[in-house]
Amino acid sequence: YTADSVLWGKPVGIDIASGKQTLPLILALQSATPAERTAIEREMAAGCELGRMIEILEKYNAIERTLDVARMHARQACAQLENLISQDATAFEFLSTLPDYVISRRY
């Protein structure tokens with residue numbers, strides 16, 4: 001939802017256009033009122049414009065909440081890495097940078 005389509009290599013918002021349920025959308029739907037959920041579902045069925053969907057996601061802070069979930073999983077993964085590869089500092093250092101890279105990349 002926040003990518004640059006040129007850098008990403010595919011159209012931004014293609015998941016919405018194809019009807020895929022993504023975590024930001026799920027979080028927005030969970031927070032929305034019943035009337036808003038119906039409107040969101042109707043817009044998705046009609047091929048909702050990305051701009052309109054971004055407005056909805058921002059209204060419910062769904063993108064930032066999704067990033068919070070990703071950060072939580074990244075912390076858990078790094079904690080597990082410490083247990084698994086405490087003997088190999090180079091491998092730990094390399095693998096522990098991956099979650100932050102995936103979360104913070106700009107495409």
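Helices (H or I, at least four residues) and strands (E, at least two) are taken here as DSSP runs, numbered from the N terminus. On that basis the secondary structure of the protein comes to seven helices and zero strands, and the pattern read along the sequence is α-α-α-α-α-α-α. This is a predicted model, in which local features need pLDDT of at least 70 and side-chain atom pairs count only at pLDDT 80 or more, whereas totals for chains, interfaces and linings use all residues. Residues are numbered from 1 along each chain as its sequence is written, and side-chain values use heavy atoms, with hydrogens and water left out.

**Confidence and burial**

- The mean pLDDT of the protein is 80, and 76% of its residues reach 70 or more, pLDDT being the predictor's confidence in each residue, from 0 to 100.
- Confidence is lowest in helix H1 (residues 5-8), with a mean of 63, and highest in helix H3 (residues 23-31), where the mean is 91.
- Of the 107 residues of the protein, 23% count as buried, a term that means under 20% relative accessible area, while exposed means over 50% and partly exposed lies in between (1.4 Å probe, protein chains only).

**Helix H5 and the loop after it**

- In helix H5 (residues 50-59), the buried residues are Met53, Ile54, Ile56 and Leu57. Seen down the axis of H5, these buried residues fall within an arc of 160°, so they line one face of the helix, the arc being that of the directions from the helix axis to the C-beta atoms.
- The face of H5 turned away from the buried side carries Glu58 and Lys59, which are exposed; for Lys59 the relative accessible area is 55%.
- Asn61 lies in the loop between H5 and helix H6 (62-84) and is partly exposed, with a relative accessible area of 44%.
- Phi of Asn61 is near 55°, a positive value in a residue other than glycine. As background, most residues other than glycine have a negative phi.
- Ala28, which lies in helix H3, is buried with a relative accessible area of 0%. Ala28 and Asn61 are 33 residues apart in sequence, and their C-alpha atoms are 7.7 Å apart in space.

**Salt bridges**

- A search of the whole structure finds three salt bridges, each defined as a side-chain nitrogen of Lys or Arg within 4 Å of a carboxyl oxygen of Asp or Glu. In general, side chains of opposite charge can pair when their charged atoms come close.
- Lys59 forms a salt bridge with Glu36, in which the closest N and O atoms are 2.4 Å apart. Because Lys59 lies in helix H5 and Glu36 in helix H4 (residues 34-45), the pair ties together parts that are 23 residues apart in sequence.
- Glu64, Asp68 and Arg71 are linked in a network of salt bridges. Within this network, Glu64 pairs with Arg71 at 3.0 Å between the closest N and O atoms, and the side chains of Arg71 and Asp68 also meet in a salt bridge (3.0 Å, N to O).
- Arg71 and Asp68 are three residues apart in helix H6, and therefore separated by about one helical turn. An α-helix has 3.6 residues a turn, so residues three or four places apart point the same way.
- The members of the network count as partly exposed, with relative accessibility of 34% for Glu64, 40% for Asp68 and 32% for Arg71.

**Helix H7 and its nonpolar patch**

- Helix H7 (residues 89-104) has 16 residues and reaches 23 Å from its first C-alpha to its last, close to the 22 Å expected at 1.5 Å a residue, where the expected span is 1.5 Å times one less than the number of residues.
- Ser96, Pro99 and Ile103 are buried in H7, whereas Phe94, whose place is also in helix H7, counts as exposed at 55% relative accessibility.
- Phe94, Leu95 and Leu98 make a nonpolar surface patch of about 270 Å². Patches are made of residues with over 30% relative accessible area and no salt bridge, like charges being joined within 9 Å and nonpolar side chains (Val, Leu, Ile, Met, Phe, Trp, Tyr) within 5 Å; accessible areas come from the Shrake-Rupley method with a 1.4 Å probe, and for residues only the protein chains shown count as cover.
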